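Me: I would like to learn how to read a few features of a protein model. Please take them one at a time.

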Amino acid sequence: MLKRTKIVATLGPATDSKESIQSLIEAGANVFRLNFSHGDAQDHINRAKRIRDIARELNTYIAILGDLQGPKIRVARFKDDKIELIKDAQFIIDVSLDKEGGTINSVGSSYTTLPQEVSTGDHLMLDDGRIQLEITDIIGTQVVTKVLVGGELSNNKGINLKGGGLSAPALTEKDKEDIKTAAQIGIDYLAVSFPRSAEDIHLARQLLKDAGGDSALVAKIERAETVNDHDILDSIILASDAVMVARGDLGVEIGDAELIGVQKHIINRTRELNRVVITATQMMESMIHNPIPTRAEIFDVANAILDGTDAVMLSAETATGDNPAKTVQAMANVCVGAEGQTLAKTSNHRIDINFELIDEAIAMATMYTANHLTGVKAIISLTESGSTALWLSRIRSGMPIYALSRSIETLRKVALYRGVEPINFDPTALARHDVNRLAVEELRSRGYVKDGDLVIITKGDSMGALGGTNAMKVVKVGAVN
Ligand code: G6P
């Protein structure tokens, strides 16, 4: 049983060796995430090289996603590294305080405009919402608060404003440097943290281009104001190639109760707009230390799959956890289980919409036929850029979609698309009349189809022409000429 949902695994100290990267691939990882919040440029360059080498050895296509740190707003440091905040005590965030000088009474922050951007009565959520403060006064550089929920607070923990609204620009100076590294590595996806609007994505794309890169762009949806306004969300999705439901910061800002529906909306809308979607954060969190997931985690992953996500993501589980490969394997098992459900295979994707593009219309007709004609076992999509495979995979289905391309970049990119398997195939190197037969032979030789199965092929009039798909053909394996 082929796993359709893709797994994004974050690399870190627990998965630096060649052997561990290989074990993650064998367990079901399709995309590796390099987290630019940790490590220096050389670390990422080395990791990326290792991934490329291993993928080549294993003869498989793995995408690399570089994740920019973005303007995460944080408290500075404490003299004793951490403090214990007591409920109802007064605690001050003072943006002029020495950055090493935090005490039980106050702490600094490099986000110097904080006092101007908040108001009395606002709630600040520290350390992913574990600590909550209510603002009681603002005096010059000091944001005076009362502790609502106390606990341990240590160096550099994040600050969120409940309800959102802190306006730090999405791309920091560090991000701009990391974009150059990303371009140098030749990553496949670049993730932008905390985008406020489509402009932030356009800017990242431009900076990447200026640095000589051309990877696909991922918008991490993690600010309350981008999900509270449907037009802003749509424009961010349309400006991007993929989005990530970044549940950590988003959940803190809007509350987990609200997040349940928001996750469904983002996934649904992203697919409707023909973009790709990743669901992230704390999916298998307990497996950082435990050998098996909790039932709640299994259901959380399954729920995202039934929502229609292309990919599910692991963070600390594979970067620093005790059981990286076991976690990927456990997640892969959940994927296959959830994908078998009827809900995961039935679709009303763009049912009321007119298509403007011939190739998109062909993709829709192909998928409809594949889902309804008895005997169809696979779709072969000859693709240059991956577009035809992307359209096909927006429709929920149990049908495997084989993206046959001569472009290595395309093969890596489609590794993120749900239900799509990359296969290296160059139709331009073949005589026209041999293309269908040899494409089907690629699948048969791998054991994906057998004589008598029906396969649908999509392609255009000229071989190797991007955007040219204008035909679907149903063929029988063993009888193709
Ligand atoms: C390959 C096929 C063409 C087809 C094209 C579609 O190059 O040989 O016949 O038109 O893929 O590529 P696209 O990037 O638009 O999916």
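Me: Leaving aside neighbours within four places in sequence, which residues is Leu373 in contact with?

Reply: The model is a predicted one. Contact is a matter of heavy atoms within 4.5 Å. Once the neighbours within four places in sequence are set aside, Leu373 is in contact with Leu454 and Val474.

Me: Where is Leu373 found, and is Leu373 buried or exposed?

Reply: Leu373 is found in the loop between α13 (358–372) and β17 (376–382). For exposure, the bounds are under 20% relative accessible area for buried and over 50% for exposed. Leu373 has a relative accessible area of 37%, so the residue counts as partly exposed.

Me: How far apart are Leu373 and Gln69 in space?

Reply: Sequence and space are two separate readings. Leu373 and Gln69 are 304 residues apart in sequence, and their C-alpha atoms are 47 Å apart in space.

Me: The loop leads to β17. How many bridges join β17 to β18?

Reply: Pairing is read from bridges between strands. β17 and β18 run parallel and are joined by 4 bridges. One bridge partner to look up is that of Leu382, which is Leu404 in β18.

Me: How many residues of β18 are buried?

Reply: Look at the strand as a whole, then at each face. In β18 (residues 401–405), 5 of the 5 residues are buried, so the strand is largely enclosed by the rest of the structure. Both faces are covered: one side has Ile401, Ala403 and Ser405, the other has Tyr402 and Leu404, and all of these are buried.

Me: What is the strand order in the open sheet of 6 strands?

Reply: The order is β6-β5-β9-β8-β7-β11, and the pairing is mixed. The edges are held by β6 (106–107) and β11 (159–161), each with a single partner strand, so one side of each has no neighbour in the sheet. At the β6 edge, β5 (residues 90–94) runs parallel to β6 and is joined to it by 2 bridges. Ile93 has Val107 in β6 as its bridge partner.

Me: How many helices and strands does the whole protein have, and what is its radius of gyration?

Reply: The protein has 16 helices and 21 strands. Its radius of gyration is 24 Å, close to the 23 Å from the globule rule for 481 residues, so the protein is as compact as a globular protein of that length. Buried residues make up 55% of the 481. Of the contacts with a separation of 6 or more, 69% are between residues 24 or more positions apart.

Terms used. Residues are numbered from 1 along each chain as its sequence is written. This is a predicted model: local features need pLDDT of at least 70, side-chain atom pairs count only at pLDDT 80 or more; totals for chains, interfaces and linings use all residues. Side-chain values use heavy atoms; hydrogens and water are left out. The radius of gyration is taken over C-alpha atoms; the globule rule is 2.2 Å times the number of residues to the power 0.38. Buried means under 20% relative accessible area, exposed over 50%, partly exposed in between (1.4 Å probe, protein chains only). Two strands pair if DSSP finds at least two bridges between them.
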